[in-house]
Protein chains: 2
Amino acid sequence: MFELRLVQGSLLKKVMEAIKDLVNDANFDCSTTGLSMQAMDSSHVALVAFLLRSEGFEHYRCDRNISMGINLANMAKMLKCAGNDDIVTVKADDGTDSVTFMFESPTQDKIADFEMKLMDIDSEHLGIPEAEYDAIVRMPSAEFARICKDLSSIGDTVVISVTKEGVKFSTRGDIGTANIVCRQNTSIDKPEEATIIEMKEMVSLTFALRYMNSFAKATPLASQVTISLSSDLPVVVEYKIAEMGYIRFYLAPKIEEEEAETHAETKSKSEAKPKRPKPEVKPEVQIHLEVEDSCMEPAVESKPPLDLDIKPKKETNGEVEVMDVE
Amino acid sequence: MFELRLVQGSLLKKVMEAIKDLVNDANFDCSTTGLSMQAMDSSHVALVAFLLRSEGFEHYRCDRNISMGINLANMAKMLKCAGNDDIVTVKADDGTDSVTFMFESPTQDKIADFEMKLMDIDSEHLGIPEAEYDAIVRMPSAEFARICKDLSSIGDTVVISVTKEGVKFSTRGDIGTANIVCRQNTSIDKPEEATIIEMKEMVSLTFALRYMNSFAKATPLASQVTISLSSDLPVVVEYKIAEMGYIRFYLAPKIEEEEAETHAETKSKSEAKPKRPKPEVKPEVQIHLEVEDSCMEPAVESKPPLDLDIKPKKETNGEVEVMDVE
DNA sequence: GCCTTTGCGA
DNA sequence: TCGCAAAGGC
């Protein structure tokens, strides 16, 4: 049987709110390591992964590794019924096809339990190799969210360009162009407002703002966000969950059109971005984070999917290996 | 070249929010006097004018008078990307067909620049003659906004009647009638809560609430609103912008039906309102603030447009005469 | 945490 | 165009 108890129940609610719009159904993997999930978004463009380590729970018991197939919208619905101060307990008995959520009000005056049917979901657990990134930007999560929201009122894609001095977010749309530069700043007294850039190579990559805005739903989980960029890898947008783990979003860069580069103000930096080198293809199953087909821009030629260097691991018998890279 | 810098950037945002629903496109006139705009609303029923005097800006430079054709919705979109505490810089080089907005966060850690295409807009600058008004009401802007909102849930038009004692806002609709009377009150200690009436003649005029509610979008700009009424003139609803200027809305009164007057509770006062005397027609272009054709009341016979005594001035070569009546 | 405001769907 | 739900401000 599997059981966990979390005093700060709002945390689970926030995790669900952050991913439910991106992923429809996913397997929640429960092991001695903790509770984790990994799933591609419904259009196979982005990948979401979170981990909540067992040590972070007030109580955690996992007799055997199990995998619970969950409809995220339904689970979010149920968790919405928990008060923000409620203590949440999640319980799944072996051999049943349902999971129970229990919400206890802080005063213990109100106790609710919700039972939800589980689903059978085909999915393989992907081992995502840790990579070296050309640039890692750490900045206030609220600022990142604001920038993505603002830019998406002008254009559909964002070019993220990193230099030693700062990070620039640019877009262009029918009504004009926009550039937002965030300077590096190590505010010691307010570390949550710091913007810190670790850079090996200058990098400039293009992403669909639509997905960035989805990722930014995780903002309530952490005051800072970490954006890891490399020319030939999907960007990683990570929110650390205090004391427990993280939620990470992966998104393949858009291949910039030649025409688009002509306009780019960061032209000189574009050499830092090699033209989409073919990644070494593993003979096993290929996992694709596909370049989004935008029905808004029928003129833009649809590009072949970007191969991702993600090695699939066959998940056998509910046995799960949780990747724990910190 | 033209450049202005405004520490209180939220002010420009508020001006845009106040007018963007009323006017689609308009010329922004930049002269040594300041930045001003004058435009009729898209259905030619109301007129909007604002002035921000050059002295009010932290920096103001205008080498030659220029007129920038702006799509207000787009400009509002861009200004929404400015933080409320941001310092805003607006820049337009001569001979370019675009304008740049720059937003600096208070800490200078974030600097954004937005470039917007300008448009070619035909419009003549109207000299609006200062008029003598029968009655001028000054009252808290929030109260005026609340009244217009409340009344529009009952009826479509408001009758504003001014006597020495106070101002009455009345409406009637299918579900009943409403009258809201605001007494004159000179609160010395809280001048922003005062309601002050300067009256030469009793006056009672009818306006479309729809427009009044649009005007009330300017409420965040000033704690007080001034409503100037005369029987044969458009009402002026003015919000002063502290230290800088004003935003003014003009709206032609509706011609009351005889039937409507029968119902009017202010019947005795209706003599103060001469039956729509034909204004002296200037031989130049006639500017009409047309009486709105309400598709809600097909039974009401559409009246001919009310001629307004507004003398158009041909705007020549970007030369602008800013009316500055305080 | 509540309330106003804004964006979206009917 | 109105009403509802999510989001931002006090």
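I will talk about how chain A and chain B meet in this model, and then about the residues around DNA strand D. Please keep in mind throughout that the model is a predicted one.

Let me begin with the protein interface, where 16 residues from chain A and 17 residues from chain B make up the contact, and where the two chains bury about 1,400 Å² between them, with 48% of that area on carbon and sulfur atoms. On the chain A side, A:R146, A:I175 and A:R183 lose the most area to chain B, and together they account for 35% of what that side buries.

Turning to polar interactions, the rule finds zero salt bridges across the interface of chain A and chain B, although eight residue pairs are counted in polar contact between these chains, with both residues at pLDDT 80 or more. In terms of secondary structure, the elements of chain A that give two or more residues to the side touching chain B are α3, residues 141-152, and β14, residues 176-183; of the contributions to that side, β14(A) makes the greatest, with eight residues. By class, the chain A side divides into seven nonpolar, five polar and four charged residues.

What does β14(A) pair with in chain B? Its partner is strand β9 of chain B, residues 110-117, and the two pair in the antiparallel sense over seven bridges. Within that pairing, A:N179 has B:D113 in β9(B) as its bridge partner.

Finally, the DNA: the residues around DNA strand D are A:K80 and A:K217 from chain A, with B:N84 and B:R210 from chain B. The surface near DNA strand D, taken by class, has three charged residues, one polar residue and no nonpolar residues.

How values were computed. Residues numbered from 1 in each chain as written. Chains lettered and ligands numbered in written order. Predicted model: local features only at pLDDT ≥ 70, side-chain atom pairs only at ≥ 80, totals over all residues. Heavy atoms only, no water. Near = heavy atom within 4 Å. Nonpolar A, V, L, I, M, F, W, Y, C, P; charged D, E, K, R; others polar. Contact = heavy atoms within 4.5 Å. Buried area = accessible area lost by both parts, 1.4 Å probe. Salt bridge = Lys/Arg side-chain N within 4 Å of Asp/Glu carboxyl O. Polar contact = N/O pair within 3.5 Å; in protein donor to acceptor, adjacent residues only side chain to side chain. Helix = DSSP H or I, 4+ residues; strand = E, 2+ residues; numbered from the N terminus. Pairing = 2+ DSSP bridges.
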